[in-house]
Amino acid sequence: MSYEPIRKIVIVGGGTAGWMAAAGLSKVMGDYPGLEIGLVESEAIGTVGVGEATIPQITAFNNLLQIDENEFVRETCATYKLGIEFVDWTRIGHSYVHPFGSYGLDMLGVEFHHHWLKAKSLGADSELDDFSLAVVAGKAGKFMRPQRDNPRSPLSKISYAFQFDAGLYAKFLRRRAEAQGVKRTEGKVVEVSRHAETGFVTGITLEDGSQIEGDFFVDCSGFRSLLLGQALGVGFEDWTEWLPCDRAVAVPCTLTGENEPLTRSTARPAGWQWRIPLQHRVGNGHVYSSAHMSDDEATAILMDSLDGEPLAEPNQLRFTGGHRTKAWEKNVVALGLAGGFLEPLESTAIHLVQSGIARLLTLFPTREFASATIDRYNAESEREYRDIRDFLVLHYKATERDDSEFWNYCRELEPPAGLTEKLAMYRTSGRVFREHNELFTETSWLSVLQGQGITAGGYHPAADLLDDAENLKRVAHIQHVVSSTAEGMPTQAEFLQANGSAIDPALRRLS
Ligand code: FAD
């Protein structure tokens, strides 16, 4: 069999997406004979400049790149993340955590939460959070990596992500990508050339008149979507109907003490506010719906609720929730904001870049650009966006809040079909179903369904195979094991210090 291999990949854009693509592609394909990988970016245009919280899958990407985790944490001023604390989402004064990892211990082949639901029906007063090591340790400011040598201990199941400075992450990846042979060009793309007959992109022209040709283009140009959106005219599917937040204002502030390894999301009258503690500062942002709140009001809410001194002027951002109708068209694939954006409520944007790269490596094309390959890529990409969208919409839909027009809109919106089904399943039987290989697991769905006040309509009948007294005894024992395990863990600060990941104290911006 003979085929025409790709000779030159051109990545347009050097934000997180561009440098992740450059590092990932060069790591796996860099030694392919005759293959060149180039990246073009414009310092004058800059990057979006936010994007600090991640989900556990990022460890797989870092492993692919053979990144030393301790070095990475230090270099990106990162902290660890065990989950997201949602404050005031269900009702004002209420909070719960969406943890990484699992709850309790499955028994008799039945998920733990069915045993817990049964215990609740018998009068137990525990909360689901009490059975997650991530929640209990996270709230106590504790962290350690999983201890795989004792599979019976909850320590073996710790799952974690990072909160980092995305600008430093891009720089960190740039060093690796350049060492792996990626050639960077500084310059602003002013024109995109296309083949007269096929419409394929043949090259780009920079402001200084120089031209860069390629066989395959990776559009990482951010919201502009220079190649996929502008040059190839691929449309955008707008999901504002379900995800009404379309603005954000972001500002870093100084640290005020030691921080929990948790991202915090606090619901506000027309959206929500993030708080992401890093080693050198705290990232903050207010995501809101412009139909329900003015920019000035949103900025005032953010600035009035910082827990440290602001370190910059507030940075205003506009976006639309949704995605390009095709992530890959002809010889252009878009990664990052050029391909779509789902608001940062569950920290999924960097993950979408990573999974796009993984899919691209699996379906790496030849110069034939077979439509079966492209169609498969697009179908997987669209499914991933839809799955995440449904999970995000759950947070808005499942609320008791009726204190603003925004929350009334969200509470009353007609959810997408997939979410309707999941809500019905939990309401009728206490069951949580993970579709195909969707990103968010049963633990994630359960945490938000239960956390946001959806009442489980029952529990799995097999939970009755344990008699009532035995059920209460085992559930209480598991709660005790989780809390005593958390007690024995080091604090995050101790863990960072012990692993050589703590930053130079001079970099800490304290108020
Ligand atoms: P950008 O950072 O915008 O980079 C675009 C690149 O293209 C830049 O290098 C720019 O110079 C270049 N470029 C553009 N036009 C040209 C041109 N004409 N010529 C040459 N170069 C050009 N993600 C998370 O995972 N977690 C979070 O907590 C999170 N929070 C977010 C909060 C907000 C409010 C927003 C908007 C996003 C957030 N994200 C988050 C998303 C995250 O910031 C981005 O997904 C990620 O940084 C990737 O951005 P990007 O590289 O696609 O785009």
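Here is a friendly exchange about the ligand site and two sheets of this predicted model.

Me: How do you know which features may be discussed in this model, and how are residues numbered?
Reply: Residues are numbered from 1 along each chain as its sequence is written, and side-chain values use heavy atoms, with hydrogens and water left out. Because the model is predicted, local features need pLDDT of at least 70 and side-chain atom pairs count only at pLDDT 80 or more, while totals for chains, interfaces and linings use all residues.

Me: What makes a residue part of the shell around the ligand?
Reply: A residue is near a molecule if one of its heavy atoms lies within 4 Å of it. There are 33 residues around the ligand, and G14, V50, A53, V189 and I350 come nearest.

Me: Why is the approach of V189 to the ligand called a polar contact?
Reply: A polar contact is a pair of N or O atoms within 3.5 Å (within protein, one must be able to donate a hydrogen and the other to accept it, and residues adjacent in sequence count only if both atoms are side-chain atoms). A backbone N or O atom of V189 lies 2.8 Å from a nitrogen atom of the ligand, so the pair qualifies. V48 has a backbone N or O atom 2.9 Å from a ligand oxygen, and for S42 a polar backbone atom is 3.0 Å from an oxygen of the ligand.

Me: How much of the ligand's accessible area does the protein cover?
Reply: The protein covers 97% of the 1000 Å² that the ligand has on its own, by the Shrake-Rupley method with a 1.4 Å probe.

Me: What makes up the shell by residue class?
Reply: The shell divides into 16 nonpolar, 13 polar and four charged residues. Here Ala, Val, Leu, Ile, Met, Phe, Trp, Tyr, Cys and Pro count as nonpolar, Asp, Glu, Lys and Arg as charged, and the others, Gly among them, as polar.

Me: Why are β8 and β10 called edge strands?
Reply: Two strands pair if DSSP finds at least two bridges between them, and strands are DSSP runs (E, at least two residues). The open antiparallel sheet has the order β8-β9-β10. β8 (189-194) and β10 (211-213) each have a single partner strand, so one side of each is left without a neighbour in the sheet.

Me: How do you know that β8 and β9 pair?
Reply: They share five bridges in the antiparallel sense, with R194 opposite V201 and S193 opposite G203. Six residues lie between the two strands of this hairpin, and G199 in the turn has a positive phi of about 80°.

Me: What makes β7 and β19 edge strands in the six-stranded sheet?
Reply: The order is β7-β2-β1-β11-β20-β19, with mixed pairing, and β7 (183-186) and β19 (328-329) each pair on one side only.

Technical notes. Helix = DSSP H or I, 4+ residues; strand = E, 2+ residues; numbered from the N terminus.
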